[in-house]
Amino acid sequence: MPKRKQSQEPQQQKLIAPPKTITERQAMGQELRKKIPRSSHGDWAPAPDRPDPVALLQQGDKTRLQYLLPIKYGRMVASPFAFLRGSAVVMAADLANTPVTGSEAVLCGDAHLANFGIFATPERNVVFDINDFDETYPGPWEWDVKRLAASVVVAGRDNGLDDKTCTKLAAAAAKAYRETMQRASEMSVLDVWYFHVDADSVVNLFAKYARADAWQAAQTVQKARRETAGHTLDKLTHVVDGKRQIINAPPLVVRFSQLLSEEQKAAAHDQGNVQKAWDAYLSSLPQERRVLLSRYRLTDAALRVGGVGSVGTRCAIAVLQGDTPNDALILQQKEVGPSAMEAYLPKRTFANPAERVVVGQRLMQAASDIFLGWNTMGGADYYWRQLKDMKASFDVSTFNAKGLAAYITVCAICLALAHARSGDAVVISSYLGSGTVFDEAIGRFALAYADQTRRDHKALVEAVNNGRLLAQTGI
């Protein structure tokens, strides 16, 4: 199949379902089966001219902080699953050669198992949902499903499960997605928009179907509830001369006061660059949140290394202090470039990549961080969010087969609901149908792509061993 070429003309985002009747949209979904049979989603073979995966990684890392890249590669060589986490750009190129129905939604773009987790809503409820949107972009919903399913097999293998079990788990993820999309197609628009997965319901699911891993599930939720803004402050900062100051922990956390020379700091303040950048971020927020943040003042900032796929991006944390040392919060500012998806999809209209991330997150999540915003500084685009507000992630590396089954079911439910908010649940559900054809196809694809991931991971290890790439492990 020929590669999908990026359109030369910008297209407006089609985020509102066309005004057709349910019957007409059901017919549209069923008609798509003739164009793209559901069984065809199981096909996978690398293209004859498939790019070198290591070269793709290097190309995508050109604009990153080069001195941090050995940490990224050191994390990626740890296992095939770690490789998959950091190689969205590789899988995007591969997905561009797979069948697509033409029905679209806003994608996560990087929907592997480790990009789901627990966090607090603005109402302080603790929920489970997708939690990473750096690669978000409007596109074929199938791509998110395939990345999720592939990560299931790769994670299962890393956990010592056999291929038959892993394939069944991937098919189960597709089944959960399909059945949730069916339910979403029958719900009211507002019910889909507001529906969220409560963290306690995840614990109950483990208790019922995966007792051996239920304790970890319960502990993860309890950890999230402890990770309040105050707890994060106590872990990452201390009070010096009456002001909150970030604790240095190089190379992962380094205060800007130590990174910049006195001349650089003076120049930034003299030219008003810091204030301009802050004002640009505030202007991206609703008016009431600008009022909220006006009660705080910036007292300290530091460079902070992110997760596997983000290592090397310019990622900072900033301490904002209120009237007393204990009245403070930490925001994260994270550099973002083009999505790994967009080279293979029609160009969409966004002010910048950071706005793309913020809009995508607000569309896909049932409830999003009230501090989500963006700005541009020094020629780079950044989005902002609160750091570690009742957030926690499940350690999938410890799950047995039943634990993985419970976890992937919840992930697939959240993914389907996210797609239903921005896509057409009726069309997608009608295409998927009530049988297991699509589920089984995704199981086959996931197994085949897990083989590819294992080969790509081996290529990365060889690149490190022969000196083509530098890697620092254990960081």
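**Stop 1: the second largest pocket**

Start with the lining of the second largest pocket in this predicted model. By class, 20 of the lining residues are nonpolar, 7 are polar and 4 are charged. The lining has 31 residues in total. Select F256, L260, V274, A301 and M377, which lie nearest the centre of the pocket. The space inside comes to about 1,100 Å³.

Now colour by element. Helices α12 (256-259), α13 (262-270) and α14 (273-283) each supply at least two lining residues. So do the strands β9 (297-304), β10 (315-321), β12 (373-377) and β13 (380-386). Which element gives the most to the lining? Pick β9, with 5 residues.

**Stop 2: the β2–β3 hairpin**

Move to strand β2, residues 116-120. Add strand β3, residues 126-130. The two pair in the antiparallel sense, over 5 bridges. Select I118 and look across to β3: F128 stands opposite.

Next, follow the chain through the turn. β2 and β3 form a hairpin, with 5 residues between them. Stop at R124 in that turn, where phi is positive, about 70 degrees.

Stay on β3 and show the surface. Is the strand mostly covered or mostly open? It is mostly covered: 5 of its 5 residues are buried.

β3 has another partner to select, strand β5 (residues 197-198). These two run antiparallel and are joined by 2 bridges. Here V127 stands opposite D198 in β5. While the side chains are on display, keep the general pattern in mind: in a regular strand they alternate between the two faces of the sheet.

**Stop 3: V145 in helix α6**

Select helix α6, residues 141-158, and find V145 within it. Buried or exposed? V145 counts as buried, because its relative accessibility is 3%, and buried means under 20%.

Show what surrounds V145. Leaving aside neighbours within four places in sequence, its contacts are Y177, L415, F438 and I442. Then add A111, which is 34 residues from V145 along the chain. Draw a distance between the two C-alpha atoms: they are separated by 7.6 Å.

**Stop 4: helix α19**

Finish on helix α19, residues 437-465. How far apart are its end C-alpha atoms? They are 42 Å apart. That agrees with the expected span, because 29 residues at 1.5 Å a residue should also cover 42 Å.

Step just past the end of α19 to G467. Check its backbone there: G467 takes a positive phi of about 85 degrees.

Notes
Residues are numbered from 1 along each chain as its sequence is written. This is a predicted model: local features need pLDDT of at least 70, side-chain atom pairs count only at pLDDT 80 or more; totals for chains, interfaces and linings use all residues. Side-chain values use heavy atoms; hydrogens and water are left out. On a 1 Å grid over the protein atoms alone, a cavity is a set of points where a 1.4 Å probe fits but cannot get out, and a pocket is an open set with protein on both sides within 12 Å along at least five of seven lines; lining residues have an atom within 4 Å of a point. Grid points are joined across faces, edges and corners, and a volume is the space filled by probe spheres set on the points. Helices (H or I, at least four residues) and strands (E, at least two) are DSSP runs, numbered from the N terminus. Ala, Val, Leu, Ile, Met, Phe, Trp, Tyr, Cys and Pro count as nonpolar, Asp, Glu, Lys and Arg as charged, and the others, Gly among them, as polar. The expected span of a helix is 1.5 Å times one less than its number of residues. Buried means under 20% relative accessible area, exposed over 50%, partly exposed in between (1.4 Å probe, protein chains only). Contact means heavy atoms within 4.5 Å. Two strands pair if DSSP finds at least two bridges between them.
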